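The exercises below are to be worked with the sequence and the coordinates side by side. Each task is followed by a solution that goes step by step.

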Amino acid sequence: MWPATLLRMRVLLCPDKFAGTLSAPEVAAAVAEGWRDAALGDELLVRPLADGGPGFVEVLAEALGGRRLPVPTVDPLGRPATGEILLTDDGTAYLESAQACGLHLLADAERDPKATTSYGLGLLVTAAVEAGARTVVVGLGGSATNDGGAGMLVPLGVTPLDAAGRALPYGGAALTEVAALDGEPRLRGATLVAATDVDNPLLGLHGASSVFGPQKGADRADVLLLDAALQRWAEVLTERLPGCPPGLGTLPGGGAAGGLGAAALALGGRCESGIGLVTRAVRLDAALDTADLVITGEGSFDHQSLRGKVVAGVAGAARDRGVPCVVLAGRVSTGRREAAAAGVTDAYSLVEHFGGEEHGGVDAAMTRPAEGLRALGARLAGQWSR
């Protein structure tokens with residue numbers, strides 16, 4: 001008989017957050033607890049993941065260490081909020097736009113991208129620059145704003161003006177009147193990096209307003225207004241900021257987080273894959289190379305999941321190595337054939353675990369996600385552990 005130590009499985013747990021319920025580290029911890037209840041001898045490699053959206057700083061802090069500094073800021077409607085920056089020893093600051101611009105900070109009735117502002121993100125960037133960061137990496141995702149970063153620029157020393165020289169009100173709609181900029185960006189030589197896995201441009205049919213505006217509260221008339229406003233904004237940025245690249249409105253990534261990607265580019269920054277940055281930080285490739293099974297997941301496993309999100313990247317990397325990949329999610333609506341083509345071996349839903357929609361599964365999945373994930377972790381251990 002082979003020694004038991006030679007039969008241990010190496011299981012890689014690398015989920016994204018379950019939006020609205022659990023952070024990525026909490027998801028991984030719940031699944032790990034359930035697995036250990038059923039198969040204590042297996043080796044679990046825990047590597048929580050994030051793209052540029054909510055949870056970006058938390059995941060990087062766990063992987064990189066460094067100092068997490070709380071920063072007073074404001075939400076998309078200007079109300080007091082608390083954000084944070086992660087400062088690492090190499091002079092890099094990491095922050096996430098969702099802490100100041102996040103859609104989750106607003107009630108449904110408050111969603112209005114014509115009025116919401118990215119001013120609070122500017123406060124976070126300013127704090128990072130004042131702390132001495134040479135590179136400021138901003139995770140983009142989950143935003144409630146569509147102001148092209150106009151609000152963000154104000155704390156950095158740049159005020160948008162109308163034709164009469166008056167400071168514009170905050171919000172995306174006001175940019176229809178933008179005519180000039182007052183002041184110069186105060187970045188103290190720091191480089192901005194927009195961490196996003198959205199490659200949409202700022203303008204047009206695939207731009208920030210058209211694609212993401214409706215989920216932020218924009219109707220069809222609002223979308224047309226906001227796209228025209230961002231077109232004017234791009235023209236002014238190109239004219240007035242020396243580091244702004246030509247063709248700003250069409251550059252990939254410019255439409256991320258309501259145009260915050262375009263603002264970063266206009267300030268001489270660059271766009272970079274958020275999930276790529278995180279996977280390098282947590283050394284995911286090395287963990288994948290030694291894993292016998294990969295478990296990933298997110299709140300909703302749907303058609304968008306296989307187009308550039310965390311689950312798609314993990315499943316594809318596992319497939320390339322011939323390693324099975326299981327997805328755990330609050331809800332699963334992706335077809336089996338589509339999922340299998342992307343590298344997903346199987347998928348499990350908390351809603352179904354708790355009895356399905358007709359038996360209160362949705363409410364249970366939202367209120368008892370850790371309990372459900374522990375149970376699914378134990379179930380997977382029973383199926384897969386050698």
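A residue is called exposed when its relative accessible area is over 50%, buried when that area is under 20%, and partly exposed in between. The model used throughout is a predicted one.

**Exercise 1. Salt bridges and accessibility**

Task: Classify both partners of the salt bridge between Glu-272 and Arg-280 by their accessibility, and then do likewise for the pair Arg-319 and Asp-320.

Solution: Begin with the geometry, in which the side chains of Glu-272 and Arg-280 meet with an N to O distance of 2.8 Å. Next, Arg-280 has a relative accessibility of 55%, and because the limit for exposed is over 50%, Arg-280 is exposed. Glu-272, at 22%, is partly exposed, since a buried residue would have to lie under 20%.

For the second pair, the closest N and O atoms of Arg-319 and Asp-320 are 3.5 Å apart. Here Asp-320 is exposed at 61%, whereas Arg-319 is partly exposed at 43%.

A further pair can be treated in the same manner: Arg-368 and Glu-371 form a salt bridge whose closest N and O atoms lie 2.9 Å apart, with Arg-368 partly exposed at 36% and Glu-371 partly exposed at 38%. Salt bridges with shared partners also link Arg-8, Arg-10 and Glu-43 into one network. The structure holds 20 salt bridges.

**Exercise 2. Two loop residues**

Task: Determine whether Asp-16 is buried or exposed, and place Thr-176 on the scale of accessibility.

Solution: First locate Asp-16, which sits in the loop between β1 (10-13) and α1 (24-38). Its relative accessible area is 3%, and Asp-16 is therefore buried, the limit being under 20%. Beyond the neighbours within four places in sequence, the contacts of Asp-16 are Ala-24, Val-27, Leu-49, Ala-50, Gly-297, Glu-298 and Val-310.

Thr-176 belongs to the loop between β7 (159-161) and β8 (180-182), and at 35% relative accessibility Thr-176 is partly exposed. With neighbours within four places in sequence again set aside, Thr-176 touches Leu-225, Ala-229 and Arg-232. The side chain of Thr-176 also reaches the backbone oxygen of Ala-173, at 3.0 Å.

**Exercise 3. The open sheet**

Task: State in which order the 5 strands of the open sheet are arranged, and which strands form its edges.

Solution: The order is β2-β1-β11-β12-β13, with parallel pairing. The edges are β2 (43-46) and β13 (346-349), each of which pairs on one side only. Neighbouring strands of this sheet are turned against each other by 25° on average, direction ignored.

Now follow one pairing in detail: β12 (residues 325-332) joins β13 over 4 bridges in the parallel sense, and Leu-328 has Tyr-348 as its bridge partner in β13. Finally, helix α15 (residues 369-384) lies across β11 (293-301), β12 and β13, and runs at about 150° to β12.

**Exercise 4. Nonpolar cores**

Task: Identify which residues of the largest nonpolar core touch the most other members.

Solution: This core has 50 residues, and those touching the most other members are Leu-95, Leu-121, Val-125, Val-136, Trp-233 and Leu-237. Apart from this core lies another, of 39 residues, including Leu-45, Val-137, Val-282 and Val-311. As a last step, examine Leu-237, which, leaving aside neighbours within four places in sequence, is in contact with Leu-153, Leu-181, Cys-244, Leu-248 and Ala-266.

Technical notes:
Residues numbered from 1 in each chain as written. Predicted model: local features only at pLDDT ≥ 70, side-chain atom pairs only at ≥ 80, totals over all residues. Heavy atoms only, no water. Helix = DSSP H or I, 4+ residues; strand = E, 2+ residues; numbered from the N terminus. Buried < 20%, exposed > 50% of the residue type's maximum accessible area, 1.4 Å probe, protein only. Contact = heavy atoms within 4.5 Å. Polar contact = N/O pair within 3.5 Å; in protein donor to acceptor, adjacent residues only side chain to side chain. Core = buried A, V, L, I, M, F, W, Y, C linked by side-chain atoms within 4.5 Å. Pairing = 2+ DSSP bridges. Axes fitted to C-alpha atoms, helices over the stretch in contact; angles between N-to-C directions. Salt bridge = Lys/Arg side-chain N within 4 Å of Asp/Glu carboxyl O.
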